[in-house]
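This briefing is meant for a reader who is meeting the structure for the first time. It begins with the overall make-up and then moves through the parts one topic at a time.

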Amino acid sequence: MEILELIAYGLFLPVFGPETIPSLTSSCCSLSVWNKSEIELLFYMSKAKVKKEQLTCSCCKGEIYDSNLSRTLGRKVWLWGTMKILERVDLKKGRFQWACDECLNSGKALIGKPESQLYCDFDPYLVYIDMEKVCEKCDQDYLFRKEEQKYWYETLQFWVQSKPKHCSKCRHEIREERELNNELAALLKEKEKLTVQDMERLSKIYDDIKKPDKSKYYKNLVEKSKHKIAS
Ligand SMILES: [Zn+2]
Ligand SMILES: [Zn+2]
């Protein structure tokens, strides 16, 4: 097989099929017309090659045809300081998290905007997908939901590689505990100037953070103070 024929096959075979090639090669390059089985074999080889190159959706893990990538291929994204038009090769490198049209349209995946994300050594998210995680505090499985991720990376602007360590319930508890501890520290700063209301609050805080002895201590102080005021 001559080199020009090979080029013609490489260019036209996957697109037009085997029937077009004999006339094309013979009219353009004055080459011999190939026999049918030879052409069919090459056609199926080229089809097999196309199949092998199918991309795998980060969300459904399915093999995806380009026709199912209308919301991804050709999409303009601001990446590393330049406007980029997403091409097949960008997805093929396996660097980005992306999703097929079906996953995007069904809401299984949520579009991410790299221009709103904070990234440097790690790649930004083209889409967000629910992430399964285990909480380091309560050991329960939980979902780091795609909507939460978008808020986390685009509104709060956490680095793209950072992930939550705790489930939302534990995160809420930890935040609340921290706030109570701050309030406690502020109240105890000037112990000698504590009012009855301050002592009531201290008793309540110690009760909330499960320190019953200290809670009781301030409750007694409150009682004593009230008694003193009354007499
Ligand atoms: Zn998919
Ligand atoms: Zn938890």
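Helices and strands, the elements between which a loop is placed, are here DSSP runs, with at least four residues for a helix and at least two for a strand, numbered from the N terminus. The model is a predicted one, and its protein chain comes to nine helices and eight strands. Of the 231 residues in the protein chain, buried ones make up 15%.

**Confidence and overall contacts**

- The pLDDT of the protein chain averages 85, and 80% of the residues score at least 70.
- Over residues 20–31, however, the pLDDT is below 50, although this stretch has 22 contacts in the model beyond near neighbours in sequence.
- Among the contacts in the protein chain with a separation of 6 or more, 49% are accounted for by residues that are 24 or more positions apart.

**Two hairpins**

- Strand β3, made of residues 76–79, pairs with strand β4, made of residues 82–85, in the antiparallel sense and over four bridges.
- Within this pairing W78 stands opposite M83, which belongs to β4.
- The hairpin of β3 and β4 has two residues between the strands, and W80 takes a positive phi near 45° there.
- Strand β7, residues 131–134, is joined to β8 by four bridges, and these two strands run antiparallel.
- M131 has F144 as its bridge partner in β8.
- Between the strands of the β7 and β8 hairpin there are six residues, and in this hairpin D139 takes a positive phi near 65°.

**The loops on either side of β5**

- G107 has its place in the loop between α5, residues 101–106, and β5.
- Because only 12 or fewer other C-beta atoms within 10 Å make a residue exposed, G107 counts as exposed with its 8.
- The C-alpha atoms of G107 and K146 are separated by 9.8 Å, while the two residues are 39 residues apart along the chain.
- Y125 is placed in the loop between β5 and β6.
- Because 20 or more other C-beta atoms within 10 Å make a residue buried, Y125 counts as buried with its 24.
- Leaving aside neighbours within four places in sequence, Y125 is in contact with Q97, G112, Q117, Y153 and V160.
- Y125 and F96 are 29 residues apart along the chain, and their C-alpha atoms are separated by 6.6 Å.

**The largest nonpolar core**

- The largest nonpolar core has 19 residues, of which A99, C103, A109 and V127 touch the most other members.
- Both α5 and β6 supply at least two residues each to this core, and the largest share, three residues, comes from β6.
- Not counting residues up to four places away in sequence, V127 touches Q97, W98, A99, L104, A109, L110, I111 and G112.

**Helix α6**

- In helix α6, which spans residues 146–155, the residues K146, Q149 and Y153 are buried.
- The buried residues of α6, seen down the axis, fall within an arc of 55°, and so they line one face of the helix.
- As a general point, an α-helix has 3.6 residues a turn, so residues three or four places apart point the same way.
- E147 and T155 lie on the other side of α6 and are exposed.
- The cover over the buried residues of α6 includes β5 (109–111), β6 (127–129) and β8 (141–144).
- Q157, which comes just after α6, takes a positive phi of about 55°.

**Helix α8**

- Helix α8, residues 196–208, has 13 residues and reaches 18 Å from its first C-alpha to its last, close to the 18 Å expected at 1.5 Å a residue.
- M199, L202 and Y206 are buried in α8.
- These residues cover an arc of only 55° around the axis, which puts them on the same side of α8.
- The partners against which the buried residues of α8 pack are α7 (168–188) and α9 (212–230).
- K210, just after α8, takes a positive phi of about 60°.

Conventions: Residues are numbered from 1 along each chain as its sequence is written. Chains are lettered from A and ligands numbered from 1 in the order in which they are written. This is a predicted model: local features need pLDDT of at least 70, side-chain atom pairs count only at pLDDT 80 or more; totals for chains, interfaces and linings use all residues. Two strands pair if DSSP finds at least two bridges between them. pLDDT is the predictor's confidence in each residue, from 0 to 100. Two residues are in contact if their C-beta atoms, placed from the backbone, lie within 7 Å. The arc is that of the directions from the helix axis to the C-beta atoms. The expected span of a helix is 1.5 Å times one less than its number of residues. A nonpolar core is a set of buried Ala, Val, Leu, Ile, Met, Phe, Trp, Tyr and Cys residues joined through C-beta atoms within 7 Å.
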